[in-house]
Number of protein chains: 4
Amino acid sequence: MPTKKINRQDMKEAAERYKNWGKWGPHDEIGTLNYTTPDDIIAAARLVRKGKVISLALNFDKTGPQGAKSKYPAMGRINPVHTMLRTGTDAYSGVLDHRGIRAADDMVVMPLQCGTQWDGLGHVFYENYMWNGYDCREVTSAGAQKCGIEKTKSRMVGRGVFLDVARALGRDFLEDGYAITCADLDRTADAEGVQVRRGDFVIVRTGQMEAKLAAGSWDGYPGGDAPGFSFETLEWVQKTQLAALASDTWGCEVRPNESEPGINQPWHWITIPIMGMTMGEIFYLKELAEDCAADGVYEFMFVAPALPITGAVGSPINPLAIK
Amino acid sequence: MPTKKINRQDMKEAAERYKNWGKWGPHDEIGTLNYTTPDDIIAAARLVRKGKVISLALNFDKTGPQGAKSKYPAMGRINPVHTMLRTGTDAYSGVLDHRGIRAADDMVVMPLQCGTQWDGLGHVFYENYMWNGYDCREVTSAGAQKCGIEKTKSRMVGRGVFLDVARALGRDFLEDGYAITCADLDRTADAEGVQVRRGDFVIVRTGQMEAKLAAGSWDGYPGGDAPGFSFETLEWVQKTQLAALASDTWGCEVRPNESEPGINQPWHWITIPIMGMTMGEIFYLKELAEDCAADGVYEFMFVAPALPITGAVGSPINPLAIK
Amino acid sequence: MPTKKINRQDMKEAAERYKNWGKWGPHDEIGTLNYTTPDDIIAAARLVRKGKVISLALNFDKTGPQGAKSKYPAMGRINPVHTMLRTGTDAYSGVLDHRGIRAADDMVVMPLQCGTQWDGLGHVFYENYMWNGYDCREVTSAGAQKCGIEKTKSRMVGRGVFLDVARALGRDFLEDGYAITCADLDRTADAEGVQVRRGDFVIVRTGQMEAKLAAGSWDGYPGGDAPGFSFETLEWVQKTQLAALASDTWGCEVRPNESEPGINQPWHWITIPIMGMTMGEIFYLKELAEDCAADGVYEFMFVAPALPITGAVGSPINPLAIK
Amino acid sequence: MPTKKINRQDMKEAAERYKNWGKWGPHDEIGTLNYTTPDDIIAAARLVRKGKVISLALNFDKTGPQGAKSKYPAMGRINPVHTMLRTGTDAYSGVLDHRGIRAADDMVVMPLQCGTQWDGLGHVFYENYMWNGYDCREVTSAGAQKCGIEKTKSRMVGRGVFLDVARALGRDFLEDGYAITCADLDRTADAEGVQVRRGDFVIVRTGQMEAKLAAGSWDGYPGGDAPGFSFETLEWVQKTQLAALASDTWGCEVRPNESEPGINQPWHWITIPIMGMTMGEIFYLKELAEDCAADGVYEFMFVAPALPITGAVGSPINPLAIK
């Protein structure tokens with residue numbers, strides 16, 4: 001962890017240093033997802049060798065992480081509320097028969113960032129700007145007129161690389177406040193015998209979620225302290241030209257943050273609006289970790305389509321690692 | 001269309017004839033998705049030759065089909081309601097700065113069957129039974145204790161086969177009430193030079209959705225008359241051993257139904273609870289149709305993960321054809 | 001209808017003329033509701049002579065006015081969605097018995113302005129200001145920090161005066177576009193033998209809702225053309241010192257508006273943020289109209305408590321006329 | 001507390017003893033609300049002597065009691081989720097100006113029993129029956145076809161009587177598990193110098209809510225142990241012929257219940273479906289308690305209109321005591 005706290009001037013310099021605005025033209029709305037080419041997708045498909053599909057999603061239900069205790073202010077997110085519009089008990093009771101069909105239907109109410117999710121490019125602003133220099137006023141109560149998650153609808157396919165940092169560092173899980181460095185990421189890739197390449201979807205395991213699941217309580221998880229990316233990893237993100245990055249924590253970056261008071265989630269300030277990087281959070285990585293440890297293969301085809309909710313700044317997802 | 005209407009005795013006979021209960025053991029909850037093997041997934045991945053990803057989803061928003069006029073009773077489904085929890089206009093106004101981060105968040109309220117979707121195996125009952133003989137009372141107001149959509153979370157990957165029936169029959173779209181026959185399906189496959197095989201995800205185009213989109217009105221679409229599968233195609237479904245079947249209409253099967261009054265959606269009565277077949281509806285097929293017509297390739301890798309909402313009887317999805 | 005359209009300068013002059021800011025101190029958040037005194041409430045209670053309670057609410061359900069056609073852009077409001085969390089069919093099916101109680105529960109999703117409602121003082125802004133000069137940025141995605149509807153929780157009680165303008169003008173209902181004048185209001189009061197006094201809750205009937213109900217279609221109602229208050233009635237509102245004003249239309253004021261393009265709902269611009277007047281809309285007045293016509297008594301005790309949803313800018317209500 | 005636990009046979013006997021089915025005809029759907037007559041309403045209005053309105057509602061927001069810890073299984077209720085559809089920050093940002101009006105709108109998602117509320121007569125069943133002998137299958141996923149809360153829309157007006165049992169027993173609040181007896185109620189009325197009469201709305205204070213509010217935590221409140229009505233008070237309810245009964249706890253009756261395992265909320269089994277008594281819960285009584293203690297007047301006009309949500313089994317309310 002840096003001895004000096006990140007301040008506004010550091011933020012400004014990082015914004016200048018890592019700015020990708022205009023890189024894919026003035027009208028681009030998907031940022032680093034552009035790094036993945038058709039050839040990358042073809043190559044990713046060739047990684048399917050066992051025919052095994054591993055879901056990286058937590059189930060969406062009332063046992064999810066929202067509402068657990070945190071020492072930081074709550075964000076107003078709730079766990080999904082799933083309600084039925086028609087049921088099998090209605091069927092059994094005979095009350096559906098006038099319809100000529102016994103069928104159940106259902107509904108959900110959910111914050112789009114309540115569980116396993118993509119943070120879209122409309123999610124975070126840098127000053128008055130969003131990705132590619134769009135005005136932050138493009139995200140109104142009517143949704144995101146620019147960079148809505150629906151713009152990614154044909155995009156979340158490519159090579160997945162799994163970096164099990166906790167395992168590479170010889171731990172069950174990284175401690176809260178542990179800041180993952182560039183060196184940690186490189187060391188993990190080396191230990192696994194994989195290379196991160198342009199256009200990859202990189203998935204990083206801290207083990208924190210599994211620790212919470214094992215403890216039987218999400219307290220401290222939503223918005224609380226966590227292991228995660230150090231601010232310095234912006235350099236690594238830029239260098240690798242990855243398409244998207246995901247982790248098993250609530251917010252990817254280390255908490256407490258490395259920044260001065262008043263700067264919350266400094267890494268987000270840069271990754272999303274400045275670099276244009278879509279970010280995956282609350283990924284469930286236990287099964288993938290076990291499978292990769294068993295077969296020694298840390299690359300796979302990755303498919304994680306967002307629900308194209310028009311104007312959304314994020315999306316719940318069921319990301320799949322296909323090996 | 002049959003001259004004789006399908007009656008209760010016909011339903012009973014079809015239920016006996018096509019019943020797959022127990023085929024994958026007494027505890028199975030995913031039915032015909034079992035047909036897809038790891039080898040099928042490996043082979044499906046080999047179909048990725050262009051590196052092109054085509055989304056088969058309509059965007060989820062208030063312009064969706066729900067609420068349009070229909071001559072049948074409404075089902076109580078609404079279009080998705082997307083609301084913001086924090087916005088870029090909040091950011092611009094300075095009211096988020098006390099948080100130390102300028103970020104937007106959002107929420108959705110949506111029936112799970114309101115747009116492009118999977119019908120899960122808890123969606124339709126045959127008398128008091130659901131798939132595999134489970135009691136329909138397993139689907140209560142608390143959701144589906146059996147056959148919830150979350151049981152499919154690692155399953156919606158395989159070979160996709162696109163049967164453009166409208167095109168094969170030389171039409172822009174099939175007329176409402178047109179009952180697609182087994183012969184139509186075979187003729188389409190022949191014309192396209194594809195074979196439907198065990199474990200495939202078969203996607204059938206009627207063109208109806210595109211006709212509605214071109215007309216600028218969904219009137220008649222949700223629950224209205226439509227082209228779709230004839231009751232006789234149950235035989236074709238059984239014979240092909242497909243994993244799942246999808247179409248571009250509201251309810252896959254032909255409407256008006258071929259059945260006597262009091263039997264609504266007879267094909268559903270059999271496909272879901274008796275055969276255990278997951279069904280895709282409201283698929284957007286225009287882009288896929290154009291691509292397949294252009295390259296003459298009607299098979300591809302298909303990935304369409306359900307959102308694992310615990311106990312859900314369906315799921316909104318963003319199905320991907322990867323060619 | 002005025003020959004000259006209301007323009008920005010007219011708005012500015014009206015804002016200066018009718019501004020009540022500061023009238024009840026710099027911290028006031030309820031505006032003209034302050035006009036009603038304890039003595040007024042005591043006197044209002046004395047108007048209860050028959051012991052008859054008349055609800056002025058439409059039921060809240062999917063048959064409500066939202067979603068009907070309008071020639072103006074939609075506002076994104078839907079009818080209430082009422083879903084069950086537990087049911088009598090669950091009870092019948094025996095699936096609740098493990099709880100030791102057979103009970104139903106339910107939930108609602110509803111825009112607060114979707115049916116019979118109060119428009120709170122956070123609902124409309126004049127330039128960058130809300131009632132009493134508060135900054136409009138007090139109403140963020142987190143709700144109204146000033147003038148939330150919960151501030152009225154002990155306030156919606158007083159003398160109700162019913163002005164049946166349609167009846168006084170000898171019509172079943174006023175035509176769309178009919179602008180109710182100060183003279184119309186005075187003439188109606190005279191015809192009814194009532195006087196409007198400081199602190200009253202004044203309810204004005206146009207008959208439009210009943211015409212829609214009789215026609216069996218809400219088309220044209222939500223946001224469409226309507227009879228309603230002329231801009232000149234601001235003078236009448238100011239003079240009478242009424243506590244709140246309500247009507248049976250979607251938006252109280254006449255539509256098409258009397259203003260130039262670009263000024264939508266000019267009367268609202270003044271009544272809510274400038275005068276601090278709470279406004280009732282979509283009131284169901286048929287039964288009240290019949291009762292008042294029958295007994296000739298147009299004053300009563302009026303009780304219409306808002307649901308104190310913290311930070312809300314409106315509230316669905318069940319207003320009661322108690323005679 | 002009885003030494004003997006209430007068993008099924010006791011329930012059966014109570015059901016026979018207190019059954020009001022048919023008392024107001026075979027088609028009645030509002031039960032004991034029928035006890036209040038027009039004359040009672042006139043008399044109630046005469047109780048308005050100070051012109052003071054006291055709200056008995058908690059504000060509806062995320063600080064409400066739902067989600068707090070309880071040793072009993074959760075009911076699936078959440079606190080209200082209030083979201084904005086348009087905001088003052090949108091206005092400030094200029095993004096609403098194309099509409100010609102700067103206005104905010106909002107929405108709520110809420111279980112109808114999440115805060116201050118009426119339990120309607122569709123809320124609890126006795127075996128397969130609801131109030132007046134209606135089949136419990138009248139309450140389906142489509143709502144309550146019988147006894148929906150909308151049937152009470154012109155009914156919740158009458159004489160309110162406040163029984164401050166905690167105060168009468170000399171305590172700040174009654175302890176969890178304290179079973180209020182008929183004698184306690186009579187003693188309280190005597191101490192206050194009021195008489196409970198046919199058609200009254202009786203509001204009973206335990207002080208539990210205030211204790212929770214003072215402690216700054218709702219833990220133990222929703223569904224947890226509580227002071228409340230003893231099973232024997234069914235006799236008192238029957239004898240007094242009250243219209244409705246309300247309290248400041250989550251569920252009115254004493255918890256732990258006085259019944260054998262498997263019988264949860266035995267008093268509810270009788271009051272709602274057998275007696276037809278509407279019940280108020282989670283009433284905020286601090287201000288009323290202070291006012292009544294100060295002026296010694298424990299009777300008032302009570303007005304607490306339900307939101308007429310069609311088919312609802314309960315309703316959030318803002319009950320008013322008007323003194």
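Copies are superposed here by least squares on the C-alpha atoms of residues with pLDDT of at least 70 in both. With that in hand, here are the close-ups of this predicted model.

**View 1. Chains A and B meet around a two-fold axis.** Chain A falls on chain B after a rotation of 180° with 0.0 Å of shift along the axis, and the RMSD is 0.0 Å. That is the relation of a two-fold axis. The same surface serves both copies, since 100% of the contact residues of chain A recur in chain B. To find the axis from chain A, look for A:Val109, the residue of that chain that comes closest to it, with its C-alpha at 2.2 Å.

**View 2. Helix α2 of chain D and what covers its buried residues.** This helix spans residues 38–45, and its buried residues are D:Asp40, D:Ile41, D:Ile42, D:Ala44 and D:Ala45. Their cover includes parts of two chains. Chain C brings α2 (38–45), β1 (53–55) and β17 (320–322), among others. From chain D itself come β9 (157–164) and β15 (299–303).

**View 3. C:Cys136, a cysteine in no disulfide.** If you are wondering about crosslinks, a search of the whole structure finds 0 disulfides over all chains. For C:Cys136, the nearest cysteine sulfur is that of C:Cys147, 12 Å away. C:Cys136 is buried, with a relative accessible area of 0%.

**View 4. D:Cys292, a buried cysteine.** The closest cysteine sulfur to that of D:Cys292 belongs to D:Cys252. The two sulfurs are 18 Å apart, too far for a bond, because a disulfide needs them within 2.5 Å. D:Cys292 has a relative accessible area of 0%.

Notes: Residues numbered from 1 in each chain as written. Chains lettered and ligands numbered in written order. Predicted model: local features only at pLDDT ≥ 70, side-chain atom pairs only at ≥ 80, totals over all residues. Heavy atoms only, no water. Buried < 20%, exposed > 50% of the residue type's maximum accessible area, 1.4 Å probe, protein only. Helix = DSSP H or I, 4+ residues; strand = E, 2+ residues; numbered from the N terminus. Contact = heavy atoms within 4.5 Å.
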